[in-house]
Amino acid sequence: MTPGERAEARIAELGISDPRDIDVDAIAFDARMLVEYEALEGCEAMLVGAGDRAIATIRPSSVRGRERFSVGHELGHWELHRGKSFACRADDPDRNLTSDKPREREADEYSAHLLMPAVFFGPAVKALGKPGFKELDGLSNDYETSLLATAIRLADIDTLPVIVACYSAQGLKWSKPAKHVPRRWWLRSRLDDDSFAHGLLTAGTRVASARKQPGEVWFENDDAENYEVTEECIPGKAGEVLVLLYLSSPMLDARFDPNVGIRRYNESGSYTKRR
Ligand SMILES: [Zn+2]
């Protein structure tokens, strides 16, 4: 079973049939992991286990969703990596997205599935059509999760052609595409001047809702100009913007294209420099 399947099996075992009943501290207690909320230095959550019992210490946050994600993350370590102790920076899942530490990513996966099990979260997303940030905010209230964790989970459940991405003035920090989005689509490494995200980041200009954009604003691919995407953005952490991109359906059927910006795919699918 994957970490996510383990978490969802736990929800099923406990007979939880409503997301509002996902009491993460109680689920942890049931697994003999006691949760304490205390200031920590140098990390946001910590797990110390001995025998069949563990104590998770969580740094208090004004956002309950972040605390809950941390508890789920430590419970993931407890269930998946027993016998080890952890000091984590784990209250939001973006730090680990770019990390090469598989255990941290597994604990995040466990937490995301525990708090937003596909059995509830999938139908909730389906009922919203193509949710924007306003709808995701509603979902994050229902699931008591952070908006960031909810947006990443939206891409993760892989039912919509969506990419969640985070940019700063230095460029792309991380991105989370739905799995079925073709890998040929290569996000720009720096924000295009014509993107709403650029306006938001540099001038604080907010665009109220999702709007259409030519594909080349967002993708480096030579043929991106033939396609359209829908862009919505909101302020992220200080100096960052969080972007929600929906790809139009022809983009999902676009054929393999070796030419992407300054790179070119070779036959085995690796990038080489374009001559
Ligand atoms: Zn961790």
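1. In this predicted model, a useful place to begin is residue M46, whose bridge partner in strand β4 is A87. That pair belongs to a wider arrangement, since strand β2, which covers residues 45-50, is joined to β4 by three bridges, and β2 and β4 run antiparallel.

2. Strands β2 and β4 are part of an open sheet of four strands, arranged in the order β1-β3-β2-β4, and the pairing within this sheet is mixed. At its edges stand β1 (33-37) and β4 (86-88), each of which pairs on one side only. If direction is ignored, neighbouring strands of this sheet are turned against each other by 15° on average. As a reading aid for any such strand, it helps to remember that in a regular strand the side chains alternate between the two faces of the sheet.

3. Which helix lies across the strands of this four-stranded sheet? Helix α3, made of residues 64-80, lies across β1, β2, β3 (53-58) and β4, and α3 runs at about 150° to β1.

4. On a broader scale, the protein chain is divided into domain 1, spanning 3-118, and domain 2, spanning 161-273. The C-alpha centres of domain 1 and domain 2 lie 31 Å apart.

5. A second open sheet has five strands in the order β6-β5-β9-β8-β7, and here the pairing is antiparallel. Its edge strands are β6 and β7 (211-214), each pairing on one side only, and the twist from one strand to the next averages 30°.

6. Within the five-stranded sheet, strand β8 (residues 228-235) and strand β9 (residues 240-247) run antiparallel and are joined by seven bridges; I234, for instance, stands opposite L242 in β9. Two helices pack on this sheet: α8 touches β5, β6, β8 and β9, with a direction that makes about 55° with that of β6, while helix α9 (residues 196-203) touches β5, β7, β8 and β9, with a direction that makes about 20° with that of β8.

7. At the other side of the strand order, strand β5 (residues 162-168) pairs with β6 in the antiparallel sense over six bridges, and a hairpin joins β5 to β6 through two residues. One of the pairs to look for is V164, whose bridge partner in β6 is K176.

8. The largest pocket holds about 450 Å³ of space, and of the 21 residues that line this pocket, R105, D108, E109, D156 and K176 are the closest to its centre. K176 is thus a residue to look at twice, as the bridge partner of V164 and as part of this lining. By class, the lining of the largest pocket has eight nonpolar, four polar and nine charged residues.

9. Where does the largest pocket lie with respect to the two domains? It lies between them, because domain 1 (3-118) and domain 2 (161-273) both give residues to its lining. At least two residues of that lining come from each of α4 (94-97), α5 (102-115), α8 (147-157) and β6 (171-177), and α5 gives the most, with six residues.

10. The second largest pocket contains about 350 Å³ of space and is lined by 18 residues, of which S175, P177, R183, W185 and W186 lie nearest its centre. Its lining divides into 10 nonpolar, two polar and six charged residues. Strand β6 supplies the largest share of this lining, four residues, and β6 also supplies at least two residues to the lining of the largest pocket.

Note on methods: Residues numbered from 1 in each chain as written. Predicted model: local features only at pLDDT ≥ 70, side-chain atom pairs only at ≥ 80, totals over all residues. Heavy atoms only, no water. 1 Å grid on protein atoms, 1.4 Å probe; cavity = no way out; pocket = protein on both sides within 12 Å on 5 of 7 lines; lining within 4 Å. Points joined across faces, edges and corners; volume = space filled by probe spheres on them. Nonpolar A, V, L, I, M, F, W, Y, C, P; charged D, E, K, R; others polar. Domains from an automatic or database assignment. Pairing = 2+ DSSP bridges. Axes fitted to C-alpha atoms, helices over the stretch in contact; angles between N-to-C directions. Contact = heavy atoms within 4.5 Å.
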